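Good morning, everyone, and thank you for making time for this. I would like to walk slowly through one structure, going from the chain as a whole to a handful of individual residues.

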Amino acid sequence: MNNFTFEYPYVFILLLLVICIYKCPLTLKKIIFPHIHLFSNKTSFINKEKLLYSLILSSMIFALASPIVYDQKNSSKRKGRDLVFALDTSGSMAESGFDSENPQKRKFDALKELLASFISKRYNDNVGVAIFGSYAYPAIPLSYDMKSVAFLLDFFDVGIAGESTAIGEGLATALKILKKGKAKEKVIILVTDGYQNSGAVSVKEAVQRAKKQHVKIYTIGIGDTSSFDANLLKLIAKNTGAKMFAAKDVKMLQEVYQEIDKLEPSAIRSKHYLHKQNLFIYPLTLALLLLFYLIAKQKKEVL
């Protein structure tokens with residue numbers, strides 16, 4: 001279904017100049033319309049010269065307002081990548097001290113804030129979230145509505161999936177979410193602060209599944225390097241053609257997200273209009289035709 005709108009509707013304030021053609025004092029008209037002598041002194045009900053000027057000016061203003069038609073249905077057909085976050089919600093994520101500016105803030109709360117900021121820039125991707133602790137479950141299905149994803153993130157908390165760390169199940173659940181996506185590029189971002197110590201799916205098995213599905217897995221270990229299995233995270237990333245990161249505080253995690261944003265850039269596309277067609281040429285053409293007619297008419301009267 002095609003929709004019609006103007007990209008710059010505020011330009012219509014210039015239509016006040018049309019009123020000025022009829023109502024402004026003569027001195028002001030000379031400033032705005034230098035060729036005021038073209039206006040007829042006739043007092044007939046319809047002044048043809050003034051009407052012609054009004055049509056030319058109105059057509060130019062309509063062209064400046066940039067009328068467009070666009071297909072709203074296509075806004076749901078994104079061509080970016082499918083991106084799923086596998087988030088660790090085990091008990092250790094409740095630890096504080098991760099944010100130096102706010103030492104009382106829990107690690108998981110700082111993670112959610114940075115994650116919301118990161119996904120707000122993923123204009124062209126479909127984003128989903130898998131939660132894992134002692135077990136895992138799909139928390140947010142793939143969606144291009146980043147505001148909704150950020151809103152739903154607030155409902156998750158430490159311990160919501162148990163106190164242990166089932167990294168293998170977290171990855172397996174993220175892969176299930178990705179199966180429903182249609183993008184050619186598929187990425188998982190695994191964020192954890194612990195060691196694999198729970199779950200029915202091994203990390204090795206999950207990585208093998210990811211390789212079969214051609215899914216990259218970026219891994220992020222947060223907190224002290226001794227608190228998470230750095231070697232395991234490196235193997236996961238290496239075996240899927242991705243990269244491993246370590247972030248001991250909020251600042252480093254922010255830098256990690258910036259690095260991932262460079263490695264997996266999201267093409268910026270208009271959030272409002274897809275497949276738009278500009279229509280300004282039509283009112284502009286009308287204005288030019290009327291202007292040429294006015295010039296021809298003026299020359300004829302001089303002769």
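**From the whole chain to single residues**

Of the 303 residues in this chain, 45% count as buried. Please keep in mind, as we go on, that what you are looking at is a predicted model. The chain is built with ten helices and nine strands, and among its contacts with a separation of 6 or more, 79% are accounted for by residues 24 or more positions apart. As for the outside, the chain exposes about 17100 Å², and 59% of that is supplied by carbon and sulfur atoms.

Let me stay with the surface for a moment. Which residues form a nonpolar patch there? They are I13, L14, L16, I19 and L64, and together they have about 500 Å² of accessible area. If you would like to find one of them, I13 sits in the loop between β1, residues 2–6, and α1, residues 16–23, and I13 counts as exposed because its relative accessibility is 58%, where the cut-off for exposed is over 50%.

Now to a charged residue, K112, which you will find in helix α4, residues 107–119. Why does K112, although buried, have no salt bridge? The nearest side chain of opposite charge is that of D109, and it is 4.2 Å away, whereas a salt bridge requires the side-chain nitrogen to be within 4 Å of a carboxyl oxygen, so this pair does not qualify. Leaving aside residues up to four places away in sequence, K112 touches L153, D154 and F156.

Finally, a word about the backbone. Most residues other than glycine have a negative phi. With that in mind, look at S66, which is not a glycine and yet has a positive phi, near 55°, and at H214, also not a glycine, with a positive phi of about 55°. S66 is placed in the loop between α3, residues 48–64, and β2, residues 67–71, while H214 lies in the loop between α7, residues 203–212, and β7, residues 215–222.

Are these two residues buried or exposed? S66 has a relative accessible area of 8%, and since buried means under 20%, S66 is buried. H214, on the other hand, has a relative accessibility of 67%, which is over 50%, and so H214 counts as exposed.

Methods: Residues numbered from 1 in each chain as written. Predicted model: local features only at pLDDT ≥ 70, side-chain atom pairs only at ≥ 80, totals over all residues. Heavy atoms only, no water. Patch = residues over 30% accessible without salt bridge, like charges linked within 9 Å, V, L, I, M, F, W, Y side chains within 5 Å. Areas by Shrake-Rupley, 256 points an atom, 1.4 Å probe, with all protein chains shown as cover. Helix = DSSP H or I, 4+ residues; strand = E, 2+ residues; numbered from the N terminus. Buried < 20%, exposed > 50% of the residue type's maximum accessible area, 1.4 Å probe, protein only. Lys, Arg positive; Asp, Glu negative; His and termini not counted. Contact = heavy atoms within 4.5 Å.
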